[in-house]
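I opened the model today and kept notes on what I looked up. The entries follow in the order I made them.

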Amino acid sequence: MKSETSNQIIINMKSRTKSQICPKCGCESTKRHSTYTRKIIDLPLLGKAVLLNITAYKYDCERESCDQKVFCEELSGFTGKYRRMTSRCEDLIASIALNTSCEAASSICKHMGIAVSGDTVIRILLRNVNIEAKCGEVIGVDDWAFKKRGKYGTIICDCETGKPVALLDGRDGIELKKWLQSNKHIKTVNRDRAGSYAKAISEALPNAIQVADRFHLHQNLLTAVKDALKGVLPEKIDVTDYSDNTENQNFIQDNSKKN
């Protein structure tokens, strides 16, 4: 069954599976527990957004020793676990993003009838596309925030082209070390002052030249100037307030009259 509005087509579907494999123990179950509904976005049709209302089954695990008593069926080959789009819809979005940009892909998809944000496009690319970017002998390494003051990662850029070549989890240097060990051709690394990055580079590429970037060179200079001034100037300088001094007020008034 389907219903249609001026800008959307809604298609009601029902699963026809008769058995499922328990994701915990691998036992095949034919005992249905209940049904649940999933709303999945599919490719647009005639310029209209397509929403699939899929009634799927939950199954009871028939193995008594299994901790997974109830589990949902997987719509394998159609969409992934916890996905809100069909696999073919995600493939289309990824293809557009690879040929434009994530924000441009988001804008194009909205005109086509697929509501997707730039951040979602990024997640689709990271999940579905394996990009093996090549880099030169000089790279830049810095941390970046998936979520500010929450989750951080490491970004690696090719200093010759200025383009990112890798996004790694964490900023403790563990993933960076693994990546560098697979890229032994690198000779120079431009990095910030993080000790974890310095250690990872030294262990993975002991002969590589490590260079502090311009921003952190400025930071080092400011820190050195402040330390030098602290050793010469006192921490506090008392300034005398002459506003209440009668003799000083008279001197100011006499000078103003002369002028």
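Entry 1, helix H2. Which residues are exposed on the other side of H2? I found Glu 103, Lys 110 and His 111 there. I note at the outset that this is a predicted model.

I then looked up the buried residues of H2, which spans residues 102-112, and got Ala 105, Ser 106 and Cys 109. These three lie on the same side of H2, because they cover an arc of only 100 degrees around the axis. I checked what the buried residues of H2 pack against, and the partners are helix H1 (87-99) and helix H3 (118-128). After H2 comes Gly 113, and I noted its positive phi, near 110 degrees.

Entry 2, Glu 103. I went back to this residue of helix H2. Its relative accessible area is 56%, and the cut-off for exposed is over 50%, so Glu 103 counts as exposed. I also looked up its distance to Gly 118: the two are 15 residues apart in sequence, with 4.8 Å from C-alpha to C-alpha.

Entry 3, H1 against H3. I wanted the geometry of this pair. Two packed helices are described by the angle between their axes and the distance between the axes. For H1 and H3, the axes come within 9 Å and cross at roughly 100 degrees. That crossing makes H1 roughly perpendicular to H3.

I listed the residues that meet. H1 brings Glu 90, Ile 93, Ala 94, Ala 97 and Leu 98, and H3 brings Val 121, Ile 124, Leu 125, Arg 127 and Asn 128. Sorted by class, this contact has 7 nonpolar, 1 polar and 2 charged residues.

Entry 4, nonpolar cores. In soluble globular proteins, nonpolar side chains tend to be buried together. I looked up the largest nonpolar core here and found 18 residues in it. The members that touch the most others are Ile 139, Val 141, Ile 156, Leu 176, Trp 179, Leu 180 and Ile 186. Two or more residues come from each of strand E8 (138-147), strand E10 (164-169), helix H4 (174-181) and helix H5 (195-204). H5 gives the most to this core, with 4 residues.

Another core lies apart from it; I counted 13 residues there, among them Ile 96, Ala 105, Val 116 and Ile 124. I had already met Ala 105 as a buried residue of H2, and Ile 124 in the contact of H3 with H1.

I took Ile 156 as a single case from the largest core. What is it in contact with, leaving aside neighbours within four places in sequence? My list reads Ile 139, Gly 140, Val 141, Pro 164, Val 165, Ala 166, Leu 168, Leu 176 and Trp 179.

Entry 5, Glu 62. I located this residue in the loop between strand E6 (48-60) and strand E7 (70-72). Glu 62 is partly exposed, at a relative accessible area of 43%. Not counting residues up to four places away in sequence, I have Glu 62 touching Glu 28, Ser 29, Thr 30 and Lys 31. For Glu 62 and Thr 30 I noted a separation of 32 residues in sequence and 8.2 Å in space, C-alpha to C-alpha.

Entry 6, the whole chain. I closed with the totals. The chain has 7 helices and 12 strands. Of its 259 residues, 29% are buried. Among contacts with a separation of 6 or more, 46% are between residues 24 or more positions apart.

Methods: Residues numbered from 1 in each chain as written. Predicted model: local features only at pLDDT ≥ 70, side-chain atom pairs only at ≥ 80, totals over all residues. Heavy atoms only, no water. Buried < 20%, exposed > 50% of the residue type's maximum accessible area, 1.4 Å probe, protein only. Arc of directions from axis to C-beta. Contact = heavy atoms within 4.5 Å. Axes fitted to C-alpha atoms, helices over the stretch in contact; angles between N-to-C directions. Parallel < 35°, antiparallel > 145°, perpendicular 65-115°, else oblique. Nonpolar A, V, L, I, M, F, W, Y, C, P; charged D, E, K, R; others polar. Core = buried A, V, L, I, M, F, W, Y, C linked by side-chain atoms within 4.5 Å.
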